[in-house]
Amino acid sequence: MENNKKISFQSILDNQKTLIVISFLLALITWITISLNEAPEVENVIEHVKIQIDDSVPSQMGYEAFGVEDQYVDITVEGKRYLVGDNMLSADDFTVTAITTYVDGPGRYSLQLKATANDPDADYKIVSKSQDYIEVYFDTPKTVEIPIEAEVLCEKDELLFSKDYVTEDPILSLDKITVYGPATEVNRIKSAVASITTEGELKSSDTQTAELRIVDSHGEKIQYITIKENIDDLTVTVPVYKVADLPATVDFSGAPLYYIENPLSITCNPLNIRVEAEESKLENLKSVSLGTIDFSSLKPGLNTFELSALGVKDAIPLDKEAKYTVTVNAENLEARKFTVSRNNINAIGVNSNFLATVVTNELEVTVVGPKDSLDSLAVGDIYVDVDFSSVSLSVGKREFPAKIRVKNNRCWAYGEYSVMFSISAN
């Protein structure tokens, strides 16, 4: 058996190809060993290492660090190429800490930066940093809510195109903000100003993205603060309206069908109202409604109402306190009283947990309309409806407001009415 081993080893030595492979492997191992031991030292820059604040000392005094959000530093390392070469190390392999040992009160500090490798056995060294100090403000945190003021600057001498146009107070998309920061700085805040610059000579409203400044009483910018709201889309609108004099009128509610197509005659004193509105809207306005008059308040003859410009919805009255006398002409109509029985009194929308029983036996109703329509009207054509759908019910007797329906498209009920109901549990 020993003879066989000798023959086998001898055969290996006699095999030229095998000797070539063995020689190559020995040379490769020798080369790698020499390369590792004799490799030159190189430097490499590790970018974007995030700075951390050592808050062990400040936190004991209730302080927080401000002005260090997302700050980074580049560090240079030196070592063997195979350890620090390209793509061998990343920012995650290092820690950069701002030393806070000397923080002893609120204010701004220049903190020294210390860089270390996360691997305690790292066989390379840190030789430099892109910066050695960082400015940090320490103080107790404070949160306040402050209103935003609008500032409109104009490139031209005149903001509006002509005297036919007017403007109102600027409109902010956000009227207040929540500010968080060091108490000393927050206490200095005088105002938050949203500023825009418009070209001027405007004929229509102008909306622009605003620049927000938070300043002190001297107009200096407040530092180290954070705004909790998203102000990227903060806008200021300069409302611009055209002025016009338009006929004053009123709207009606509860009108029978006939009077929708053939409205009662009305007069307003003054006849016209001076309003402002967007020019495109003003072009489609033929008159301006002062408000709404319900037919239940109209009796035969001349009906007079005092309305204020505050009731205008279609435009903005220049004089919001102006008063108007409105007269509705119902002189060709008559009034007649009808007695409605309880059979024609309806309870609508009663909660399923309750029962509503009519207590009122009959209700006297005044109906207004042309004489011939009143002559043809029967008591059975008049209905009293009580809507319980939006009423909070409780057991007991009480009166509820009622609406009158008249089955005649030229007649209506005049006045206000109520009906007594007994409410019981279902």
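**Fold and local features of the predicted chain**

Among contacts in the protein chain between residues at least 6 apart in sequence, 76% join residues at least 24 apart. The model is a predicted one, and its single-residue features are described below after the properties of the chain.

The secondary structure of the protein chain comprises 31 strands and seven helices. The radius of gyration is 44 Å, whereas the globule rule gives 22 Å for 426 residues; the value is well over that figure, so the chain is more spread out than a compact globule. The C-alpha trace spans about 140 × 75 × 50 Å along its principal axes. Of the 426 residues, 35% count as buried. The area exposed by the protein chain is about 25,700 Å², and 48% of this area is supplied by carbon and sulfur atoms. The protein chain carries 38 positive and 66 negative charges, and the mean positions of these two sets are 7 Å apart.

The count of aromatic pairs comes to 13. One of them is formed by Tyr109 and Phe138, with an edge-to-face arrangement in which the ring centres are 6.0 Å apart and the planes make an angle of 70°. This pair links distant parts of the chain, with Tyr109 placed in strand β5 (residues 107–117) and Phe138 in strand β7 (residues 133–139), 29 residues apart. Tyr109 and Phe138 are both buried. A further pair consists of Tyr258 and Tyr259, whose ring centres are 5.1 Å apart; their planes stand at 90°, so this pair is edge-to-face. The two tyrosines fall into separate burial classes. Tyr258 has a relative accessibility of 29% and therefore counts as partly exposed, while Tyr259, at 6% relative accessibility, counts as buried. Ring pairs also place Tyr258 and Tyr259 in a cluster with Phe252, Phe295 and Trp412.

Backbone geometry was examined at several positions. The peptide bond between Asn269 and Pro270 is cis, with omega at about 0°. Pro270 lies in the loop that runs between β18 (265–269) and β19 (272–277). Positive phi values in residues other than glycine include that of His48, which is near 65°. His48 belongs to strand β1 (residues 41–53). For Tyr224, also a residue other than glycine, phi is positive and near 65°. Tyr224 is located in the loop between β14 (211–215) and β15 (226–227).

Three further residues illustrate the surroundings of strand and loop positions. Thr178 is part of strand β11 (residues 176–182). The relative accessible area of Thr178 is 15%, and as the cut-off for a buried residue is under 20%, Thr178 is classed as buried. When residues up to four places away in sequence are not counted, Thr178 touches Thr143, Val144 and Glu145, together with Thr226, Ile227, Lys228 and Glu229.

Gly369 is situated in strand β27 (residues 362–369). With a relative accessibility of 0%, Gly369 counts as buried. Apart from neighbours within four places in sequence, Gly369 is in contact with Leu333, Glu334, Leu374, Arg410 and Cys411. The C-alpha atoms of Gly369 and Leu298 are 10 Å apart in space, and these residues are 71 apart in sequence.

Asp164 occupies a position in the loop between β8 (141–154) and β9 (165–167). The relative accessible area of Asp164 is 46%, and the residue is partly exposed. Asp164 and Cys154 are 10 residues apart along the chain, with a separation of 19 Å between their C-alpha atoms. Beyond neighbours within four places in sequence, the contacts of Asp164 are with Tyr241, Lys242 and Val243.

Key: Residues are numbered from 1 along each chain as its sequence is written. This is a predicted model: local features need pLDDT of at least 70, side-chain atom pairs count only at pLDDT 80 or more; totals for chains, interfaces and linings use all residues. Side-chain values use heavy atoms; hydrogens and water are left out. Helices (H or I, at least four residues) and strands (E, at least two) are DSSP runs, numbered from the N terminus. The radius of gyration is taken over C-alpha atoms; the globule rule is 2.2 Å times the number of residues to the power 0.38. Buried means under 20% relative accessible area, exposed over 50%, partly exposed in between (1.4 Å probe, protein chains only). Contact means heavy atoms within 4.5 Å. Accessible areas come from the Shrake-Rupley method with a 1.4 Å probe; for residues, only the protein chains shown count as cover. Lys and Arg count as positive and Asp and Glu as negative; His and the chain ends are not counted. The place of a charge is taken as NZ of Lys, CZ of Arg, CG of Asp or CD of Glu. Rings of Phe, Tyr and Trp (its six-membered ring) pair if their centres lie within 6.5 Å; planes under 30 degrees apart count as stacked, over 60 as edge-to-face and the rest as tilted.
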